[in-house]
Amino acid sequence: MTPAGFFETASDRVQLRVSGEFTSVDEIREFPIRAGGRTVKLGDIAQIKRGFADPAAPRMRFMGQPGIGIAVAMKDGGDILKLGSTLEAEFHRLQKTLPLGMELRKVSDQPAAVEASVGEFVRVLAEAVVIVLLVSFFSLGLRTGLVVAVSIPLVLAMTFAVMHYFGIGLHKISLGALVLALGLLVDDAIIAVEMMAIKMEQGFDRLKAASFAYESTAFPMLTGTLVTAAGFLPIATAASSTGEYTRSLFQVVTIALVVSWIAAVLFIPDLGDKMLPDLGNPQPPKAGSLAARWQGVRARLADRWPQYAGMLAPKAHDAHDHNPYHTPFYNRFRRWLAFCLRRRWLVIGVTAAAFIASIALFRFVPQQFFPDSVRPELMVDLELAEGSSLKSTDAQARKLEKLLATREGIQNYVAYIGTGSPRFYLPLDQQLPQAHFSQFVVLTDDTRAREATRRWLIEEVAPQFPELQFRVTRLENGPPVGYPLQFRVSGEHTDRVQAIARQMAEKVRANPHVANVNLDWSEPSKIVRLQIDQDRARALGVSTAQVSHFLSGSLSGLSVSTYREGNELVEILLRGPEEERTRLDLLGSLAVPTSNGGSVPLSQIADLEYAFEDGIIWHRDRLPTVTVRADLNSDDVTAPTVVAQILPTLEEIRSALPQGYLLETGGTVEDSARGQKSIAAGMPLFLLAVTTLLMLQLRSFSRMALVLLTAPLGLIGVTLALLVFRVPFGFVAMLGTIALAGMIMRNSVILVDQIDQDIQAGHDRWHAIIDATVRRFRPIVLTALAAVLAMIPLSRSAFFGPMAVAIMGGLTVATVLTLFFLPALYAAGFKVGPERDTGPRG
């Protein structure tokens, strides 16, 4: 409808409307046209009909049937589970209103996937809570352990409240961070209640014991808590998609740790006062009680095996003179410590050798970026030669649909012809619309069915499609990468770049671990080149632009108007008959209109040449770039390992590159390096924060150096655990290893501070080191044990498993080193010896 203007009166604006709008297809057919002095109806000289876009636009088919996809995205701050329940109700309502023969089906149900994922992590969280509770009960006793047990829901509730305040939702990363933090958030509670219980055993009353626990541990615990949180600081500052993906790991762990310290210094003393038994004046259990029976069992076991009586026999408490550190175990531990202090350089040398060996052995640890997702979907890509028509792509897709229809273990499959799937999953590697490309999303019953279907597609189905690139992939975790193996060559001349890329492809194909080796653009497209005879064309009144305009309208169609039908707009196209559009041999006989009202066959003004050209040219930094892409043919190897094998074979090609040409590595290796670089950029801030906290607490450069020297020693256990369990070292495991340094320094700073407190209290330095280590033994071991065992449920996770294994191994070894290596290092650094017990402080 063309605007016809309006009248502006003193009181109103009156719009003008001109008739002539089409209200039916018949009116278009009856529309009169004046030409050559005559008036004819449009239907007399042209065929007018309704239809769909031709050539067809990219389309979607569900289970082999044509479909229209409706994508629903959640708004910011929404709850996807509520969205899912709302959509489910609307789904059933709409199902009843559809015409006969149409039905509404779910292609991808993200709320259900999120609910299952959250449910899995909640189970993992519950298992970790049970493990931490068992550690507390068995190591501290029922009543003392109950204080720690009560603190767990308190800290979790406070953590959830703070997360809600800052708008941090529950998702895979935040839930995994909660499980990771669970083993750490009881550390302060264990330290505080253990100190309070010990002092009560030594005769302190409840108030005095609680006060002593606060005064001696509150600020060292705060420093340790902040140092542990600082270990996750590089994640928060990472300026990359990888850092953005994992940032809530830092946020949730930091919140949980700070909240746990607040609970430990404010609530634990009060809970201990209310719940701890009278440890200073213990009473025998009542006859017949469960505790009395348990003591009887332990007494009988001690009588039967007297050599283990020290561990089995029930403890005999002396309310007037009881020192919990004068037991056979602690006496033995003192002797071990004294040996380490006397042989300090041996201990330091063995530790340094173990650290160097771990660095040397680390190259044998498998490397990866992010593991594959455990979701049951498979992505199947069909890529025909460049320039293939949408019809040929559709035919290949229908062929695959028939094969999928006969396969068991598949819930549904959806095909996208001429384009890739819309983003139904955050890390999805989306594809651009291309006529020669089709993508399937195959939803299987479960992970086992997914793997069986994947093997069937690769081994049996792919050989039936030799004329195209057939690719089967699982969904990715982390930022999308696409092909895990990618090598790029860039240069000024397209044909030279392609020739080099083909050489590289042969080198890549020679590796036994690769599959689906291809170039992202190489096949030329078929074209018909029209060489216009300009002199003849101009003489006949035809220009090059007129020829192009005429051919575009005749073959593809020229939009001449829009037909309005209700609230729908239908484009009106003018184009040649179907025979002209489908028969290439009739191209030369097309009548091209001239400026004088006549027409001339196209073959009289142009020569037709059949040729090839690049259908697409990818550029990178304004240079034509070809990427050699490949998949891995086995799960037993990782992309970094295979890239390390291939790169030496490409050195000959690299050395022969002309000036200005580049050969670069892409794919998983490049994205991993980019993520690691963004993490490394935050390391100076991490070191600054840690050194500042240590100086505020220890007020000594030498003591700060002692604590910092223990930070990297966790790598010994990390390397050992990853090698023993054959777990790859990926980006998430790297984050765990960095965070491990903060956990190690937490224990170190508390131990060093305790040694200094003992020295300030008048103890000689030799016995101050030994006694402080003995007193810190149980809280250090218990907190480490809680953290390590709480990681066991998380180790089953495909995403967080490598991080859990790295922290478990690193923290286990680091705990041992904290108890033996750090005292030896302290004695060596300050020249402490038994003959210089009363010397001045270093």
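Are Arg-334 and Asp-771 buried or exposed? Both Arg-334 and Asp-771 are buried, where buried means under 20% relative accessible area, exposed means over 50%, and partly exposed is in between (1.4 Å probe, protein chains only). Before the close-ups, some ground rules: this is a predicted model, in which local features need pLDDT of at least 70 and side-chain atom pairs count only at pLDDT 80 or more, while totals for chains, interfaces and linings use all residues. Residues are numbered from 1 along each chain as its sequence is written, and side-chain values use heavy atoms, with hydrogens and water left out.

**View 1. Arg-334 and Asp-771 form a salt bridge.** The closest N and O atoms of this pair are 3.7 Å apart. To count as a salt bridge, a side-chain nitrogen of Lys or Arg has to be within 4 Å of a carboxyl oxygen of Asp or Glu. Arg-334 and Asp-771 link distant parts of the chain, with Arg-334 in helix 14 (residues 328–342) and Asp-771 in helix 28, 437 residues apart. Helices here are DSSP runs (H or I, at least four residues), as are strands (E, at least two), and both are numbered from the N terminus.

**View 2. Helix 28 covers residues 765–794.** At 1.5 Å a residue, its 30 residues should span 44 Å, and the end C-alpha atoms are 42 Å apart, which agrees. That expected span is 1.5 Å times one less than the number of residues. Helix 28 bends by about 40° at Arg-776, and a proline, Pro-779, follows within four residues. The bend is the angle between two axes, one fitted to the seven residues ending at that spot and one to the seven starting there. Because 24 of its 30 residues are buried, helix 28 is largely enclosed by the rest of the structure. Look at the N-terminal end too: Asp-764 caps it, with a side-chain oxygen 3.2 Å from the backbone nitrogen of Trp-766.

**View 3. Asp-26 and Arg-29 pair up in helix 1.** Their side chains meet in a salt bridge (2.6 Å, N to O). Asp-26 and Arg-29 are 3 residues apart in helix 1 (residues 25–29), so about one helical turn separates them. Asp-26 is partly exposed, with a relative accessible area of 47%, and Arg-29 is partly exposed as well, at 28%.

**View 4. Arg-629 meets Glu-383.** This is another salt bridge (3.7 Å, N to O), and the structure holds 29 of them. Arg-629 sits in strand 20 and Glu-383 in strand 7 (residues 377–383), 246 residues apart, so to speak a link between distant parts of the chain. Arg-629 is buried, and Glu-383 is too. Elsewhere, salt bridges with shared partners join Arg-488, Arg-620, Glu-664, Glu-670, Asp-671 and Arg-674 into one network.**View 5. Helix 22 has a kink of about 40°, centred on Thr-649.** Helix 22 (residues 639–655) has 17 residues and reaches 24 Å from its first C-alpha to its last, close to the 24 Å expected at 1.5 Å a residue. Among its residues, Ala-639, Val-642, Val-643, Ile-646, Leu-650 and Ile-653 are buried. The cover over those buried residues includes strand 11 (485–490), helix 18 (494–509), strand 12 (514–519), strand 20, strand 21 (662–666) and helix 23 (667–681).

**View 6. Leu-623 lies in strand 20 (residues 623–632).** Leu-623 is partly exposed, with a relative accessible area of 24%. Skip its neighbours within four places in sequence, and Leu-623 is in contact with Ser-490, Gly-491, Glu-492, Trp-618 and Gly-660. Contact means heavy atoms within 4.5 Å. The C-alpha atoms of Leu-623 and Arg-529 are separated by 26 Å, and the two residues are 94 apart along the chain.

**View 7. Here is the largest nonpolar core, with 152 residues.** A nonpolar core is a set of buried Ala, Val, Leu, Ile, Met, Phe, Trp, Tyr and Cys residues joined through side-chain atoms within 4.5 Å. Leu-180, Leu-249, Leu-794 and Phe-800 touch the most other members. Not counting neighbours within four places in sequence, Leu-249 is in contact with Ile-173, Ala-177, Leu-180, Ile-235, Leu-735, Phe-800 and Met-803. Apart from this core lies another, of 26 residues, among them Val-517, Val-628, Tyr-661 and Leu-663.

**View 8. Arg-746 is found in helix 27 (residues 731–760).** Arg-746 is buried, with a relative accessible area of 3%. Leaving out residues up to four places away in sequence, Arg-746 touches Leu-184, Asp-187, Asp-188, Gly-224, Thr-225, Val-227 and Thr-228.

Terms used. Polar contact = N/O pair within 3.5 Å; in protein donor to acceptor, adjacent residues only side chain to side chain.
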